[in-house]
Amino acid sequence: MPKDQYLVIGGSGFLGRHIVDQLRARGDTVSVFDIVQRYHDVPFYSGDITDDKQVAAALKQACSGTTCIIHTASPPAGLTDGSLYFKVNVDGTRAVIEAAVACGVRKLVFTSSAGVVFNGGDIIDVDERLPYPDVPLDAYNDSKAKAEALVIASNGKGGLLTVALRPAGIFGPGDRQVMTGLYQVYENNQTHFQIGDNTNLFDWTYVGNVARAHLLAADKLDVPVPAPPLSTLDKLPLSPEE
Ligand code: NAD
């Protein structure tokens, strides 16, 4: 089987750059599609995924050889304009899928978010069978859920294999959101506020591990995995109450 060649959409971003670095470190061919260029060491395609003509044109160019797209692009969480999330995450992801199918790309790995199943309550010991909440937490998570559903539904379309990963909070070198936000809380002298009784837990994952998960997902996407016996699935709890 020939080695995959990668296009990282959102490859100028925090996670995207770690994915690019790891692909390069293992000798893979990689290019980047993004609205901003922050690095000059890999072929770069400038464009906005909400412009389907741009995506199609860039992919046509980038895809002479691209066999795997890793799509990490998204506006950051916490924006007041919710419509941007649907434009980029839902319409943009649809454009990426269409362009991938048109170009005969074999694999699409999508960065979703753990927040797609979060509605403000505790989530403990669940897996991907947990349904989306009836009322999404916010526009960001709603748009990520809808994008993820599009990606999963497109599995098999024109031979495209798809997978969506749901990282929780990501930390590590290059982060421009989480630590900045925490530091602003400190700068604004807001550290004396406490919500809850200080026993809440939240998952964090080191960016290098999230990037590695994307590479593993891409590597394993075309490796057939035997389904576990149904009897095993039945025994797994969906939530602590069950
Ligand atoms: P980031 O903002 O650092 O990177 C996102 C990249 O996408 C940026 O380079 C940006 O320019 C690009 N982009 C945005 N809109 C675009 C568009 N319309 N067309 C082309 N490129 C566009 O964000 P990040 O923290 O690296 O997050 C990467 C992914 O991981 C996102 O999909 C995000 O939803 C998801 N995620 C992040 C976290 C976290 O804690 N950072 C947690 C869970 C999921």
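**Entry 1: R26 and its partner**

I started with R26, which comes out as partly exposed at 32% relative accessibility. This is a predicted model, so I kept in mind that side-chain atom pairs count only at pLDDT 80 or more. Which residue does R26 meet in a salt bridge? I found D219, with 2.9 Å from N to O. The two sit in distant parts of the chain: D219 belongs to helix α6, R26 to the loop between α1 and β2 (29-34), and 193 residues separate them. I also looked up the cover on D219, and at a relative accessible area of 28% that residue is partly exposed too. The pair isn't on its own, either: K3, R26, D28 and D219 form a network of salt bridges.

**Entry 2: helix α6**

Since D219 sits in α6, I took a look at that helix. Helix α6 covers residues 207-220, which makes 14 residues. From first C-alpha to last I get 20 Å, close to the 20 Å expected at 1.5 Å a residue. Which residues of α6 are buried? My list reads V207, G208, V210, A211, H214, L215, A217 and A218.

**Entry 3: salt bridges within helices**

I counted 14 salt bridges by the rule used here. As a reminder to myself, side chains of opposite charge can pair when their charged atoms come close.

I checked D91 and R94, whose closest N and O atoms are 3.3 Å apart in a salt bridge. Both are in helix α3 (residues 82-103), and because they are three residues apart, about one helical turn lies between them. On cover, D91 is partly exposed at 39% relative accessibility, and R94 is partly exposed at 36%.

Next I pulled up D142 and K146, a salt bridge with the closest N and O atoms at 2.7 Å. This pair is in helix α4, four residues apart, so again the separation is about one helical turn. Why does that spacing suit a pair? An α-helix has 3.6 residues a turn, so residues three or four places apart point the same way. Is D142 buried or exposed? I have D142 as buried, with a relative accessible area of 16%, which is under the 20% cut-off. K146 is partly exposed at 41%.

**Entry 4: the ligand**

On to the ligand. How many residues surround the ligand? I got 27, and the closest are L15, D34, D48, Y140 and K144. By class, the shell splits into 11 nonpolar, 11 polar and five charged residues.

I then went through some polar pairs. Y140 puts a polar side-chain atom 2.6 Å from an oxygen atom of the ligand. D48 has a polar side-chain atom 2.9 Å from a ligand nitrogen. For R176, an N or O atom of the side chain is 3.2 Å from an oxygen atom of the ligand. I also looked up the areas: the ligand alone exposes 830 Å², and the protein buries 90% of that. Which elements give two or more residues to the shell? They are α1 (14-25), α4 (139-153) and β7 (169-171).

**Entry 5: T80 and Y140**

Last lookup: T80, in the loop between β4 (68-71) and α3. T80 is exposed, at 86% relative accessibility. I compared its position with Y140, one of the residues closest to the ligand. T80 and Y140 are 60 residues apart in sequence, and their C-alpha atoms are 9.8 Å apart in space.

Terms used:
Residues are numbered from 1 along each chain as its sequence is written. This is a predicted model: local features need pLDDT of at least 70, side-chain atom pairs count only at pLDDT 80 or more; totals for chains, interfaces and linings use all residues. Side-chain values use heavy atoms; hydrogens and water are left out. A residue is near a molecule or strand if one of its heavy atoms lies within 4 Å of it. A polar contact is a pair of N or O atoms within 3.5 Å; within protein, one must be able to donate a hydrogen and the other to accept it, and residues adjacent in sequence count only if both atoms are side-chain atoms. Accessible areas come from the Shrake-Rupley method with a 1.4 Å probe; for residues, only the protein chains shown count as cover. Ala, Val, Leu, Ile, Met, Phe, Trp, Tyr, Cys and Pro count as nonpolar, Asp, Glu, Lys and Arg as charged, and the others, Gly among them, as polar. The expected span of a helix is 1.5 Å times one less than its number of residues. Buried means under 20% relative accessible area, exposed over 50%, partly exposed in between (1.4 Å probe, protein chains only). A salt bridge is a side-chain nitrogen of Lys or Arg within 4 Å of a carboxyl oxygen of Asp or Glu.
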